[in-house]
Amino acid sequence: MKKIIIGILVFVSANLQAQSPEDGLRLSWFAPFGTPRSNALGGAMGSLGGDMSAAHINPAGLGFYKSGELLITSKYLNTESDYNYIGTNSSTSKSLTNLGNLGIVIADGKKNRGYSSTAFSISFTQIANFNSRQRFKGVNNFSSYSEKFLEELYYDNAGMGAAENNYIFGSSLAFRTFLIDTIADKNGNVAGYQSLVPISSGVNQTFDSYTSGSSNELAFGWGGNVQDKLYLGASIVMPFVNFNRSLYVSESDLDPTNTTNEFSYFEFNENFSSKGWGIGAKFGIIYKPESFLRVGFALHTPQLIGFRDRLSADMTTNTESYAGKVSASSDELNNGNAGLREYTLMTPTKATFSGSYFFASPGKPTQPLGFISADIEWVNYAGTRFYANDFDQESADYYDDLNNTMKATYKNNLNIKIGSEIKLNSNWMARAGTAYYGSPYKNEFLDENDNVLVTPSRFIVSGGIGYRTNKYFVDFTISSATNRDAVVPYRLSPAKPSPIAQEKSRAVLFNIGYGIRF
Amino acid sequence: MKKQHNLSLIGFNAIGLLMACSFFFTSCTSLQQTTTAATDDLYFTPSKEAETTTKTTAKNNSAEASASEEAEYQDYQNYQDDRYLRLKVANRNRWSSIDDFGYWNNPSFRVGFGMGYGGFGGFGWGGWDPFWSNRIGWAGYYGGFGGFGGFGGFGYDPFWAGAFGYDPFWGGGFGGFGGFGYDPFWGGFGGFGGYGGFGGFGGWGGWNPYFAGYWNPYRPIYYGGGVGNFPMQRNNYTPRALQTSAPALAAYRTNRNYNNANNFSNTTNGTTRYTGNPTLNSGFGNLLRRVTTNNTNPNQANSFDRPARYFNNGGFSNSNQNKSSNSNSNTNTAPSVNNNAGGRSGGFNSSGSAPSSRPPRGGN
């Protein structure tokens, strides 16, 4: 009865409530969530096993199971972010509670065809959560968001007809609302494009982005134990990704009483959603040369994820005496339909090397009192690839360009995870862990004087306790993640620096899990 | 913000309550089981057979144990033989090509036979294929096969499963999954992983990076490619636009300059220039063009700089320009522009399905 009540509590707490390189990075550079035990150990589970997170980290760890297990977990995540944009500080906060893991392990503890034991698992895990809010603002007299529209038309050598109708999610809206306009030569031909934003006198810029959704994995894992020495495993993983972003961008005249400079404000809204699912595989091996030592290796193949994205946008611009207040939307230019694109994304390969040392009292060397574990994870962030599902030259060119950009923008890097657990007595155990995720960016974010603006990284400190009997277990974890990153709200051509917002966020995770052993 | 703060507090309280309840229940239980040492698979749990063996060790001797292992081994051999015979009976044409069963059943490969959870390969039929979904033609034939043939991968044994033994990591049982697409060389042969549980049917969809028609990881996917277009040949399409790459992508690659500060010392109208940074003064000063000059028009009495891009001069002109409404001072000669440009902004079909002309200016 008590187990049922605890299970209900966990369940109730579960849920009471333009394509760019960053799109690829979103699916590779994050500290993946795992089970509460895994989270408490900083994710350093590569050589441990006996935990349901094994199917997602190193499937060989499933080979340690000799009894079945049913697990459900819930987590509460609170994220607070600070931004500095052109000297102005802003803060945001967002929190949510949801399901963390749900899974079952079916173990066969008997010898079977050379294996001392085998186990099969089905588990669903939310490995990344995209709920966040990025909001920052500042006074800018160096560049304007409208310049990205200018450059799009400039690089395409676009005539007026194209400017009106062929960029309906951005430049065409700017053109139709007179945020940008043509420059005519002496013969009246289009010689270029100009923005109505008076940047030299400065404008108030505001960027506000709500993101939601998550990246989840459904894993079918298998692990085998060869004479309690060698453990082998593999899992077929199906990623399910749902990402939504609502973006608001505005620029307004620094002096609202000035009605003679032909610019008052513009507001740009963009709604973007991306949904995809796919398949991948993970393979692993753990070797236990001695009872106190384990070493492991896991390879995560690239995951192939088919995406379908939808996009719509609208803009309102007030250019005062120039054209007045004008609005335009992609819906009205596209018969009410959102823009649609379909493509396939291949995530980077990951390889994890891991080791763990189990310590015991000298009198009872076979009864460990705890362990310390470390994982080193190699990720090829530059390996993310996009493939067009539309079979035409234009799409091909675009995705070629995007992939080249991925290679030029990101690099390989190592993530380090360390965790330790100590048995307090036969039932209770205490855990602690830490993890560091290095920058995935090939280049540093330097200003014009070569000063480092921000060094992106993710640093996690975690701790937790667990209570375990032969019939069930409860784990509780608290972790704090400090993330540093650079947010580039718009990028400009080589001759002009892109603005940057320095981001520092702290995410606090409360994670509880309840498992039944059978 | 205050509302959010309150929501956060509620969330914290909920978690706190959950923790308190959990500890309450677990504490109660612990009182009942204080002397029970919990087994933990993470550390080590003896197998059920090992436990049994331990209890009956005194009754056994080494000869009996050896006989037991031999019997188990022989059972396994018989199982393999029976299985192979059943396969041949079921479909002689398919399996008769592997008559030399003894060769393929070489002990060095034996361990892997039938290890996995075979039979899941059936999912391969009609399985989802991210490359060919919503496609006609190839998709109808190969997509489904390739899809979740991967479940045959449960027959996978990373070292020994391979019926062929070609590739210790990807062969055989995993070939079922490889059929969908990982192994660039042998995925297509994964069908023979059927020994390990029929997962190999997925092998029909095998991905081979050297056959553009299936899927080429180095180039975008092309419909209608196939072996006929081997290798990596594109279809010849008439481009609708001269340039479809978003300039923002070029900026990623070529612009490593960032700034998080204003570079003007004066933000008043009109006369400001880069005065705080000499480098910027020379490097970026020409990016800002005066598009409206002081003149007698009362609506344009102030002077201010606006960003502009010109088709000539690399996008930026060295001479001040007036707005398009004032063409007298502009001496640039416009190149021919493309009114069919665009249409694929950001990978989306960005040509509106309801094209129209921009309404006339409504300002004063």
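Two strands are taken to pair if DSSP finds at least two bridges between them. The model described here is predicted, and the pairing of its strands is a convenient way into chain A.

Strand β7 of chain A, residues 203-226, is a good starting point. In chain A, Q134(A) stands opposite S209(A) in β7(A). This position belongs to the pairing of strand β4(A), residues 132-140, with β7(A), which is antiparallel and extends over nine bridges. Strand β3(A), residues 117-129, also runs antiparallel to β7(A), and 12 bridges join the two. Here T125(A) is placed opposite E217(A) of β7(A).

β7(A) has a further partner in strand β8(A), residues 230-253; the two run antiparallel and are joined by 24 bridges. Within β8(A), V249(A) is the residue that F207(A) stands opposite. β7(A) and β8(A) form a hairpin with three residues between the strands, and in this hairpin Q227(A) takes a positive phi near 55°.

A second group of strands involves β15(A). Strand β14(A), residues 350-359, pairs with β15(A) in the antiparallel sense over 10 bridges. The bridge partner of A351(A) in β15(A) is W378(A). β15(A) also pairs with strand β17(A), residues 412-423, again in the antiparallel sense, over 11 bridges. In that pairing, E377(A) has N415(A) of β17(A) as its bridge partner.

The side chains of β15(A), residues 370-380, alternate along the strand. F371(A), S373(A), D375(A), E377(A) and V379(A) point to one face and are buried. G370(A), I372(A), A374(A), I376(A), W378(A) and N380(A) point to the other face and are not buried. The two bridged residues named above therefore fall on opposite faces of β15(A), with E377(A) on the buried one and W378(A) on the other.

Helix α5(A), residues 146-155, is a case of burial along a whole element. Of its 10 residues, 10 are buried, so the helix is largely enclosed by the rest of the structure. The buried residues include polar and charged ones such as S146(A), E147(A) and K148(A), as well as F149(A), L150(A) and Y155(A). Just after α5(A), N157(A) takes a positive phi of about 55°.

In soluble globular proteins, nonpolar side chains tend to be buried together. The largest nonpolar core in this model has 78 residues, of which L62(A), Y343(A), L345(A) and Y399(A) touch the most other members. Its largest share, seven residues, comes from β8(A), the strand that is joined to β7(A) by 24 bridges. Another core, of 46 residues, lies apart from it and has L153(A), I183(A), A184(A) and F311(B) among its members. L153(A) is also one of the buried residues of α5(A).

Taken as a whole, chain A contains nine helices and 24 strands. Buried residues account for 59% of its 518 residues. The C-alpha trace of chain A spans about 95 × 50 × 45 Å along its principal axes. A compact globule of 518 residues would have a radius of gyration near 24 Å, and the 26 Å of chain A agrees with this.

Chain B has 10 helices and three strands. Their order along the sequence is α-α-α-α-α-α-α-α-α-β-α-β-β. Chain B has 364 residues, and 41% of them count as buried. Of the contacts in chain B between residues at least 6 apart in sequence, 50% join residues at least 24 apart.

Note on methods
Residues are numbered from 1 along each chain as its sequence is written. Chains are lettered from A and ligands numbered from 1 in the order in which they are written. This is a predicted model: local features need pLDDT of at least 70, side-chain atom pairs count only at pLDDT 80 or more; totals for chains, interfaces and linings use all residues. Helices (H or I, at least four residues) and strands (E, at least two) are DSSP runs, numbered from the N terminus. A residue is buried if 20 or more other C-beta atoms lie within 10 Å of its own, exposed if 12 or fewer, and partly exposed in between; C-beta atoms are placed from the backbone. Two residues are in contact if their C-beta atoms, placed from the backbone, lie within 7 Å. The radius of gyration is taken over C-alpha atoms; the globule rule is 2.2 Å times the number of residues to the power 0.38. A nonpolar core is a set of buried Ala, Val, Leu, Ile, Met, Phe, Trp, Tyr and Cys residues joined through C-beta atoms within 7 Å.
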